Amino acid sequence: MKITAVEAIPFAIPYSKPLRFASGEVHIAEHVLVRVHTDDGIVGVAEAPPRPFTYGETQDGIVAVIDKVFAPQVIGLTLLEREVVTGRLARTVGNPTAKSAVDMAIWDALGKSLGLPVAELLGGYTDRMRVSHMLGFDDPATMVAEAEKMRDTYGITTFKVKVGRRPVHLDTAVVRALRDRFGADVDLYVDGNRGWTASESARAMKEMADLGLLFAEELCPADDVIGRRWLVGQLDVPFIADESVPTAADVTREILAGAATAISIKTARTGFTASRRVHHLAEGLGLEVVIGNQIDGQVGTACALAFGTAFESTSRNAGELSNFLDMTDDLLAHPLQISDGHLHRCASAGIGIEIDPDKLAHYRTDR
Ligand code: MUC
Ligand code: MG
């Protein structure tokens with residue numbers, strides 16, 4: 001169970017449909033596949049998605065920090081020393097998705113070594129999650145058509161609508177068009193990625209007051225401290241903190257400040273080890289949680305699913321597990337399948353995924 005090598009492999013897979021939102025847009029999945037090797041021939045895998053507009057990381061930076069800093073810090077440790085790994089990686093500031101991919105690849109290797117699914121090692125609550133699909137910026141008719149396709153093809157009935165454009169009517173018109181089209185048959189919530197001011201957010205939420213939203217997420221920046229508290233205090237739906245809470249300490253800070261009332265847990269930024277801390281903290285604080293998506297590929301989505309299915313509160317709400325549907329291809333030998341609005345986790349050991357070597361050879365960009 002001793003770690004002998006850590007590889008960081010950059011790859012690039014185009015999206016068939018780019019995702020656009022208030023803080024950026026994504027056209028190509030330029031991610032990093034992390035492989036952790038052990039002395040008994042086990043290989044654990046996970047992926048890191050660079051999101052410069054959210055965490056400041058880049059693909060080259062992720063490869064460099066893993067090759068030069070993290071790999072030397074974890075080689076020689078065993079798969080059971082995950083808290084030692086966490087402590088060593090914490091010596092480096094930032095780099096959340098690089099750290100998380102190393103952490104999750106170690107958990108994958110541990111599960112494979114023990115012959116047990118990671119979801120069961122973490123908590124083993126269920127084997128499936130309802131799926132929520134993210135609708136990126138477009139005109140109302142196109143976004144309604146996409147929701148229709150997702151419902152008819154995959155049975156998805158929960159949609160997170162990206163908002164944060166100006167004037168706010170551009171977005172409120174989309175949410176209204178979705179409600180008009182689907183009535184009470186779908187659940188809707190909105191994510192602003194900090195695009196609006198607090199007062200624009202308040203106006204937009206008033207315009208949508210009759211639309212039965214489940215949640216509102218990061219409508220305005222958490223750095224607008226007073227404005228954000230003012231906004232959250234007047235909403236009658238939970239306000240989800242996403243990019244403002246990349247660590248458990250940030251969760252405490254934002255919740256105690258009245259800047260949020262619910263939490264998005266993203267394994268892409270907190271791996272399994274720190275996501276577990278965030279989950280336990282949220283439970284102790286009595287916060288609702290949603291499993292979020294860092295616009296992950298199938299490897300990252302399988303990680304989110306493994307964590308989400310491990311606990312009751314993480315599997316209660318629909319999880320954001322469908323961004324991979326917008327990619328032209330992926331790395332898995334057995335692609336994830338969403339049906340009847342659910343994603344089932346694979347019962348095999350580790351995270352439950354297998355990398356297709358031909359696909360990796362085709363999409364890796366370092367050779
Ligand atoms: C989300 O929930 O915000 C877009 C930006 C980011 O950091 O994550 C995605 C999805
Ligand atoms: Mg978000």
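User: What volume does the second largest pocket have?
Analyst: About 230 Å³. Keep in mind that this is a predicted model.

User: Which residues lie nearest the centre of that second largest pocket?
Analyst: His334, Leu336, Cys346, Gly352 and Ile353. They belong to a lining of 16 residues.

User: How does the lining of the second largest pocket divide by class?
Analyst: Nine residues are nonpolar, five are polar and two are charged.

User: OK, now the largest pocket. What's its volume?
Analyst: The largest pocket comes to about 680 Å³. Its lining has 31 residues. Closest to the centre are Pro96, Pro246, Thr247, Arg269 and Thr270.

User: Which elements give two or more residues to the lining of the largest pocket?
Analyst: There are helices from several stretches of the chain: α1, α3 (82-89), α4 (96-114), α10 (248-256), α11 (267-270) and α12 (273-285).

User: And the nonpolar, polar and charged split for the largest pocket, what is it?
Analyst: Eleven nonpolar, ten polar and ten charged.

User: Why does the largest pocket lie between the domains?
Analyst: Because domain 1 (3-116) and domain 2 (120-344) both contribute residues to its lining.

User: Switching to closed spaces. How many cavities of 30 Å³ or more are there?
Analyst: Three. The largest cavity holds about 110 Å³ of space.

User: What lines the largest cavity?
Analyst: It has 18 lining residues. Lys162, Asn193, Lys266, Asn293 and Gln294 lie nearest the centre. Elements giving two or more residues to that lining are β1 (3-21), α1 (52-55) and β5 (158-162).

User: Which element gives the largest share there?
Analyst: α1, with three residues of the largest cavity's lining.

User: What classes of residue are in the lining of the largest cavity?
Analyst: Seven are charged, six are nonpolar and five are polar.

User: Which domains does the largest cavity draw on?
Analyst: Domain 1 (3-116) and domain 2 (120-344), with at least three lining residues from each.

User: You listed Asn193 by the cavity centre. Buried or exposed?
Analyst: Asparagine 193 is buried, at a relative accessible area of 7%. Its place is the loop between β6 and α8 (198-207). The backbone deserves a look too. Phi of asparagine 193 is near 40 degrees, which is positive in a residue other than glycine.

User: Where else is there a positive phi in a residue that is not a glycine?
Analyst: At asparagine 95, where phi is about 55 degrees. Asparagine 95 sits in the loop between α3 and α4.

User: Next, the metal. What are the protein donors of the magnesium ion (ligand 2)?
Analyst: Asp191 (OD), Glu217 (OE) and Asp242 (OD). They lie 2.0 to 2.2 Å from the ion.

User: How are those donors spaced in sequence?
Analyst: The pattern is D-x25-E-x24-D. Take aspartate 191 and glutamate 217 as a pair linking distant parts of the chain. Aspartate 191 is in strand β6 (residues 187-191), and glutamate 217 is in strand β7 (residues 216-217), 26 residues apart.

User: Are aspartate 191 and glutamate 217 buried or exposed?
Analyst: Both aspartate 191 and glutamate 217 are buried.

User: Now the strands at the start. Do β1 and β2 run parallel or antiparallel?
Analyst: Antiparallel, with 14 bridges joining β1 to strand β2 (residues 24-38). The two form a hairpin with two residues between them.

User: Which residue stands opposite phenylalanine 11?
Analyst: Histidine 31, in β2.

User: And how many bridges join β2 to β3?
Analyst: Six, and β2 also runs antiparallel to strand β3 (residues 43-48). Here arginine 35 faces valine 45 of β3.

User: What's in the turn between β2 and β3?
Analyst: Four residues separate the strands of this hairpin. Glycine 41 is in the turn, with a positive phi of about 85 degrees.

User: Last one. Which peptide bond is cis?
Analyst: The bond from arginine 166 to proline 167 is cis, with omega near -10 degrees. Proline 167 is located in the loop between β5 and α7 (169-182).

Note on methods. Residues are numbered from 1 along each chain as its sequence is written. Chains are lettered from A and ligands numbered from 1 in the order in which they are written. This is a predicted model: local features need pLDDT of at least 70, side-chain atom pairs count only at pLDDT 80 or more; totals for chains, interfaces and linings use all residues. Side-chain values use heavy atoms; hydrogens and water are left out. On a 1 Å grid over the protein atoms alone, a cavity is a set of points where a 1.4 Å probe fits but cannot get out, and a pocket is an open set with protein on both sides within 12 Å along at least five of seven lines; lining residues have an atom within 4 Å of a point. Grid points are joined across faces, edges and corners, and a volume is the space filled by probe spheres set on the points. Ala, Val, Leu, Ile, Met, Phe, Trp, Tyr, Cys and Pro count as nonpolar, Asp, Glu, Lys and Arg as charged, and the others, Gly among them, as polar. Domain bounds come from an automatic or database domain assignment. Donors are N, O and S atoms within 2.8 Å of the metal (3.2 Å for Na, K and Ca); water is not among the atoms, so sites may look incomplete. Buried means under 20% relative accessible area, exposed over 50%, partly exposed in between (1.4 Å probe, protein chains only). Two strands pair if DSSP finds at least two bridges between them.
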